[in-house]
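Thanks for making time this morning. I would like to walk you through one model, beginning with its strands and then moving outward to the ligands and the annotated positions.

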Amino acid sequence: MWRRVTSVSHLTFAHKSTVNKNACTFKCWESFTTEIPRKEKTTYQRAKTPFITFVLGGPGSGKGTQCMKIVENFGFTHLSAGELLRREIASNSADGIMILNTIKEGKIVPSELTIKLIQKEMELSDNYKFLIDGFPRSEDNRKAFEQIFGAEPDVVLFFDCPEDEMVKRVLNRNQGRVDDNIDTIKKRLKVFTALNLPVVNHYLEKGKLYKINGVGTVDEIYKQVHPVFSSFHFEVRV
Ligand SMILES: Nc1ncnc2c1ncn2[C@@H]1O[C@H](COP(=O)(O)OP(=O)(O)O)[C@@H](O)[C@H]1O
Ligand SMILES: Nc1ccn([C@H]2C[C@H](O)[C@@H](COP(=O)(O)OP(=O)(O)O)O2)c(=O)n1
Ligand SMILES: [Mg+2]
């Protein structure tokens, strides 16, 4: 269910993909009715233009879980910034200790480092559809990405979830993560409010934000997510 919650605007900024350029779009869509605007038939696959989705939301808001369903249904490649950083720690790379200490403190790793890891994965992939999960987490992340890639995302999903629900989920996550403890979670929530919400507001103003109610069962939440992508006429897997 979707409804328009803010005014109409034209996208006039520089964009790598020509498909959405100057397209008339709405500032923000919030789940309310299943009717969301049908995008014109796209040529993403033929053109191999990267289709970039940023997946935002606080810790435990369900980003990774919903990304798995988008991958299953629409064949995206899922790049979790946090997962790439954890892999870097595990590989004992030169930056590993710094990344570990940053994550333990609930802080944000320097943008250039995270972007380098994302970029490497994108270059290794044959796919053109990417979910970049947990990125950008700050205005600095966002600006550095735009500068390095010379592109903006096509879609930004934002999983809106109350803090108490996020804390409950993170404490039950059981993945042995160094940052899934109450002290670090409190710090991460503060960092989320201070640094990530400005990014959310930026994309709201740009007309790219799809705000998803992150409370409910996984399937209930995915029912709000699916129409965002079907509106782009990607092939749906059966
Ligand atoms: N809708 C939901 N209801 C209850 N638990 C959920 C829901 N979605 C995800 N979870 C669980 O909550 C935890 C955090 O989800 P996750 O997808 O890892 O969130 P994020 O990537 O935003 O931190 C995981 O253990 C996951 O299985
Ligand atoms: N863009 C990013 C993404 C994650 N990080 C660091 C800081 C985050 O607290 C941790 C974990 O991120 P991750 O996205 O895996 O966390 P959640 O799935 O939201 O619980 O990684 C970062 O520094 N910069
Ligand atoms: Mg995650």
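Let me start with strand 5, residues 51-57, which pairs with strand 7 in the parallel sense over five bridges. Within that pairing, phenylalanine 51 has lysine 129 of strand 7 as its bridge partner. I should say at once that this is a predicted model, and everything I describe should be heard with that in mind.

Strand 7 also has a partner in strand 6, residues 77-80, to which it is joined by four bridges, and these two strands likewise run parallel. In this second pairing, serine 80 stands opposite aspartate 133 of strand 7.

How many of the five residues of strand 7 are buried? Five of the five are, so the strand is largely enclosed by the rest of the structure. In a regular strand the side chains alternate between the two faces of the sheet. Here both faces of strand 7 are covered, with Lys129, Leu131 and Asp133 buried on one side and Phe130 and Ile132 buried on the other.

From the strands I turn to helix 3, residues 81-90, where Ala81, Leu84, Leu85 and Glu88 are buried. Seen down the axis of helix 3, these buried residues fall within an arc of 100 degrees, so they line one face of the helix. The elements that cover them include strand 6, helix 4 (96-104), helix 5 (111-124) and, once again, strand 7. Just after helix 3, asparagine 92 takes a positive phi of about 55 degrees, which is a detail you may want to find on the screen.

Now to the ligands, and first to ligand 1. Which of the 15 residues around it come nearest? They are Gly62, Lys63, Gly64, Thr65 and Arg169. Helix 2 and helix 9 (218-230) each supply at least two residues of this shell, and the largest share, three residues, comes from helix 2. By class, the shell around ligand 1 has three nonpolar, nine polar and three charged residues.

An unreviewed UniProt entry carries the annotation "binding site" for a set of positions that includes Gly60, Ser61, Gly62, Lys63, Gly64 and Thr65, together with Arg173 and Gly216. Two of these deserve a closer look. Glycine 60 is found in the loop between strand 5 and helix 2, and it counts as buried because it has 25 C-beta neighbours inside 10 Å, where 20 or more are required. Not counting residues up to four places away in sequence, glycine 60 touches Met166, Val167, Arg169 and Val170. Lysine 63 has its place in helix 2 and is also buried, with 23 C-beta neighbours inside 10 Å. Leaving aside its neighbours within four places in sequence, lysine 63 is in contact with Val55, Gly57, Asp133, Gly134 and Phe159. Asp133, you will remember, is one of the buried residues of strand 7.

Ligand 2 has 19 residues around it, of which Pro59, Ala81, Gly82, Val109 and Gly134 come nearest. Helix 2 (63-74) and helix 3 each supply at least two residues of this shell, and helix 3 gives the most, with three. The residues around ligand 2 divide into seven nonpolar, eight polar and four charged.

The unreviewed UniProt entry also lists, for "binding site", positions including Arg86, Val109, Gly134, Arg137 and Arg188. Where does arginine 137 sit? Its place is in the loop between strand 7 (129-133) and helix 6 (139-149), and it is buried, with 22 other C-beta atoms within 10 Å. Leaving aside neighbours within four places in sequence, arginine 137 is in contact with Ile108, Leu195 and Asn196. Arginine 188, by contrast in location, belongs to helix 8, residues 182-206, and is buried with 25 other C-beta atoms within 10 Å. With the close sequence neighbours again set aside, meaning those within four places, arginine 188 is in contact with Pro59, Gly106 and Asp179.

Finally, one position from elsewhere. Is alanine 151, which lies in the loop between helix 6 and strand 8 (155-160), buried or partly exposed? Alanine 151 is partly exposed, with 15 other C-beta atoms within 10 Å. Its C-alpha atom is separated by 23 Å from that of glutamate 83, a residue 68 places away along the chain.

Key
Residues are numbered from 1 along each chain as its sequence is written. Chains are lettered from A and ligands numbered from 1 in the order in which they are written. This is a predicted model: local features need pLDDT of at least 70, side-chain atom pairs count only at pLDDT 80 or more; totals for chains, interfaces and linings use all residues. UniProt positions are given in the numbering used here, feature names are shortened, and annotations may be inferred rather than shown by experiment. A residue is buried if 20 or more other C-beta atoms lie within 10 Å of its own, exposed if 12 or fewer, and partly exposed in between; C-beta atoms are placed from the backbone. Two residues are in contact if their C-beta atoms, placed from the backbone, lie within 7 Å. A residue is near a molecule or strand if its C-beta atom, placed from the backbone, lies within 6 Å of it. Ala, Val, Leu, Ile, Met, Phe, Trp, Tyr, Cys and Pro count as nonpolar, Asp, Glu, Lys and Arg as charged, and the others, Gly among them, as polar. Two strands pair if DSSP finds at least two bridges between them. The arc is that of the directions from the helix axis to the C-beta atoms.
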